[in-house]
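Q: Please take me through one part of this structure up close. I would like to follow the three-stranded sheet and what lies around it, and then see how other parts of the chain are held.

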Amino acid sequence: MINGPKVTPLTINNNYQKNLNEFISAYSDELNISIDEYVDNNKESATYFKENDRITNLEQDFDNDGSCDFGISIYRENDKNIYKTISIDTNHDGMYDYIEKYLNDELLTMAMDTNYDDKSDYVEEYNENGSSSIFFEDYDGNYQYNSTLSYQNDSLRYGRICTKNSDGSVEYTTYIDNQIDNKSVDIDGDDVIDETDTYTNGQLDYKTVFSKVNGNENQVIFFDKDGNALASVIDNDSDGEYDGIITKDNVDLRELVSLDFDEKIQTTKQGGTGDCWLLAGINSLSYTQNGSKILSDALEYNADGAVVHTYFGDFSVSYEEILLAKMSDKTFEGGQDKSRSEFSTGDNDMLVFELAIEKLRTDIGNGVYDIMDDSYLNFVTNSGIDEVTPLSGGFDDEILYYLTGKTAQCTKEKDEIENTLKLFEQNSNSSYLTCNFTQGLPTNHLFSVKSVVGDSIVLINPWDSSEEIKITKSRFLDLVDVTAYCKI
């Protein structure tokens, strides 16, 4: 028996927009009518939920099999729609194949599952002015065509497009700010990337090739602005270590992969080597006026590469060594990109410090320096310098000592740490301060203190120096284990 007006049910087919339009047309008047529930002779049932004589939710089962084939939910304030969701199950499998979400009657998200595998193959999201902000589609579930596009101010901010070609190859293209940033290809469709082109400002910078024909050879080829090959970096046995560089005549290695050096530490991210002590220490120096001068005085560049002046002497790093180290984050292992590089990525000056201090620490571990007359050096050596990974593991003020010969005051006492924070705030242009924690933040890991102002402390994790961690002084004192402070 029908307890409300009979409404022509939505036609079930694969034309989603037609279905949606038919439903809206059919139910537009009834949404303001109080209806509880009805069942008719055509085995169609619908349930409505009322609020102040207004329909707020509707669920319709067209074939009366117990699963909802159509749903609409509305949240109202002051007799006005605030939130609205429309869902359709077009093939009666109990899963919604089409969903639209609205805010204040403005469409926010549209999604559809075109091949009924319970995964959205098409998703489009809109910003407040109605233009598309995110777009995704996968027509057949096999990446025949797949794209994710993100817009900002009506301009493509980020894009990722995947295309499966008739020959089995799969191409991936990434866009940033309307320009190609990266193009990769899986030539034989075995889910292993064979070639990757990397662009800078839309211009081909270098190509990484993993060759299965010539054994497991990795090769990175660099190009000039006209597309001419300048140099090749080769890893003959795919062990993650590049074996050398082959260059054309008169090629300046410094110009390859944008080797910009300005003697100022910019954003860096720690690599796979456990040298948080080095990065945190150098970051700490870079945040102060005196510390920045120490770093600038320690670095010197020439036609052959760089020289780092340390307390123990000078250590040279060639441009070839720098380039090979930068390649460590572009190496393939079995055809797959490594998730983390060996050395830090980002600022090239930081990389130079890593390579130079690696040589210094290797010399210390090999007994090149007389540690009997140097109690601190003896302490570092006794802590164990690994000959395979000489940068791995270090102390709070170790890099400060290597560059200046100074050591920091390290303390665990809370009252002394609180006094250290006051000293740092009073001497903000001439202080070095690092710390580690017992809880709340990564432990056995060194952080830089960037600033202390009143009750606010800003920390920097060397995993990504672009991100500031803001913490109250009381919270800091609760979590901190050790601080290392020095007036420089």
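A: Start with a term that will be needed later. A residue is buried under 20% relative accessible area, exposed over 50%, and partly exposed in between. Keep in mind that this is a predicted model.

Now to the sheet. It is open, has three strands, and follows the order 20-21-22. The pairing is antiparallel. Two strands sit at the edges: strand 20 (299-301) and strand 22 (313-318). Each of these edge strands pairs on one side only. Neighbouring strands are turned against each other by 25° on average, direction ignored.

Take the pairs one by one. Strand 20 meets strand 21 (residues 305-310) in the antiparallel sense, over three bridges. Here E300 stands opposite V307 of strand 21. On the next step, strand 21 is joined to strand 22 by six bridges, again antiparallel. V307 has S316 of strand 22 standing opposite. So V307 appears in both pairings: it faces E300 and it faces S316. Strand 21 and strand 22 form a hairpin, with two residues between them. What holds such strands together? Strands of a sheet pair through backbone hydrogen bonds, either parallel or antiparallel.

Next, look at the helices against this sheet. Helix 4 (residues 319-326) packs on the sheet and touches strand 20, strand 21 and strand 22. The direction of helix 4 makes about 65° with that of strand 22. Helix 5 (residues 348-365) lies across strand 20, strand 21 and strand 22 too. Helix 5 runs at about 125° to strand 22.

Helix 3 (residues 289-298) offers a salt bridge to study. The side chains of K293 and D297 meet there, at 2.8 Å from N to O. K293 and D297 are four residues apart in helix 3, so about one helical turn separates them. K293 is exposed, with a relative accessible area of 53%. D297 is partly exposed, at 45%.

Other salt bridges span more of the chain. E468 and K450 form one, at 3.0 Å from N to O. This pair links distant parts of the chain. E468 is in strand 30 (residues 468-472) and K450 is in strand 28 (residues 447-453), 18 residues apart. Now the opening term pays off. E468 has 42% relative accessibility, so E468 counts as partly exposed. K450 is partly exposed as well, with 33%.

Salt bridges can also share partners. E195, D197 and K207 are joined into one network in this way.

D177 and R157 make a further salt bridge, with their closest N and O atoms 3.1 Å apart. D177 lies in the loop between strand 12 (170-176) and strand 13 (179-186), while R157 is in strand 11 (residues 155-164), so the pair ties together parts that are 20 residues apart in sequence. D177 is partly exposed, at 46% relative accessibility. R157 is also partly exposed, with 34%. The count for the structure comes to eight salt bridges.

Charge meets a ring in another place. K84 lies over the face of Y102, at 4.9 Å from the ring centre. Rings also meet rings: the structure holds 15 aromatic pairs. One aromatic cluster is formed by W277, Y311, F312, Y369, Y376, F379, F395, Y401 and Y402.

Finally, turn to enclosed places. In strand 17 (residues 229-235), five of the seven residues are buried, so strand 17 is largely enclosed by the rest of the structure. Strand 17 pairs with strand 18 (residues 244-247) in the antiparallel sense, over four bridges. One of the matches is V233 with its bridge partner I245 in strand 18.

T483 belongs to strand 31 (residues 480-487). At 0% relative accessibility, T483 counts as buried. What is T483 in contact with, leaving aside its neighbours within four places in sequence? The contacts are Q409, C410, T411, I417, T420, L433, T434, C435 and F476.

Methods
Residues numbered from 1 in each chain as written. Predicted model: local features only at pLDDT ≥ 70, side-chain atom pairs only at ≥ 80, totals over all residues. Heavy atoms only, no water. Salt bridge = Lys/Arg side-chain N within 4 Å of Asp/Glu carboxyl O. Buried < 20%, exposed > 50% of the residue type's maximum accessible area, 1.4 Å probe, protein only. Pairing = 2+ DSSP bridges. Axes fitted to C-alpha atoms, helices over the stretch in contact; angles between N-to-C directions. Contact = heavy atoms within 4.5 Å. Phe/Tyr/Trp six-rings, centres within 6.5 Å; stacked < 30°, edge-to-face > 60°. Lys NZ or Arg CZ within 6 Å of the ring centre and 35° of its normal.
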